[in-house]
Amino acid sequence: MSLVTEQAAFLLDVCKLVQKANELGFTVTGGELFRTLEQQQIYIKTGRSKTMNSLHLKRCAIDLNFFIDGKLTYDVKVLTPLGQYWESLNPKNQWGGFWRSFKDVPHFQRTV
């Protein structure tokens, strides 16, 4: 698959994820999708990211904000059903809440 095809498939899955979150009672707002190389370097320096191979650089990762009753939550346990749903949509999909070394709960990506 070309990168454009992967990006398009990724965004279609993001749409499904947002719809599922809505069905489960979450309000979802957008976070970061695309990131420049310069911004990634800043995130590395400040500890906000651990890699220069972020899929945000390829527009195949997104950070989303989840609200319950108007309150922002990044609680892994609360968001696990969404992480499971995300990963069930495609074997290339990964949720940062399942990562062992660095939990990135609002992060959803598609490996390319």
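The largest nonpolar core, meaning a set of buried Ala, Val, Leu, Ile, Met, Phe, Trp, Tyr and Cys residues joined through side-chain atoms within 4.5 Å, has 14 residues, and those with the most contacts inside it are Phe66, Leu79, Leu82, Trp86 and Phe108. At least two residues of this core come from each of the elements tabulated here, where helices (H or I, at least four residues) and strands (E, at least two) are DSSP runs numbered from the N terminus.

| Element | Residues |
|---|---|
| α1 | 3-23 |
| β2 | 61-68 |
| α3 | 76-89 |

The largest share, four residues, is supplied by α1. This is a predicted model, in which local features need pLDDT of at least 70 and side-chain atom pairs count only at pLDDT 80 or more, while totals for chains, interfaces and linings use all residues. Residues are numbered from 1 along each chain as its sequence is written, and side-chain values use heavy atoms, with hydrogens and water left out.

The axes of α1 and α3, which are lines fitted to C-alpha atoms over the stretch in contact, with angles from 0 to 180 degrees between N-to-C directions, come within 10 Å and cross at roughly 145 degrees. Contact here means heavy atoms within 4.5 Å, and Phe10, Asp13, Val14, Lys16, Leu17, Lys20 and Ala21 in α1 meet Leu82, Tyr85, Trp86 and Leu89 in α3. Not counting residues up to four places away in sequence, Trp86 touches Phe10, Asp13, Val14, Leu17, Asn93, Gln94, Trp95, Phe108 and Gln109.

Asp63 lies in strand β2 and counts as buried because its relative accessibility is 13%, the limits being under 20% relative accessible area for buried, over 50% for exposed and partly exposed in between (1.4 Å probe, protein chains only).
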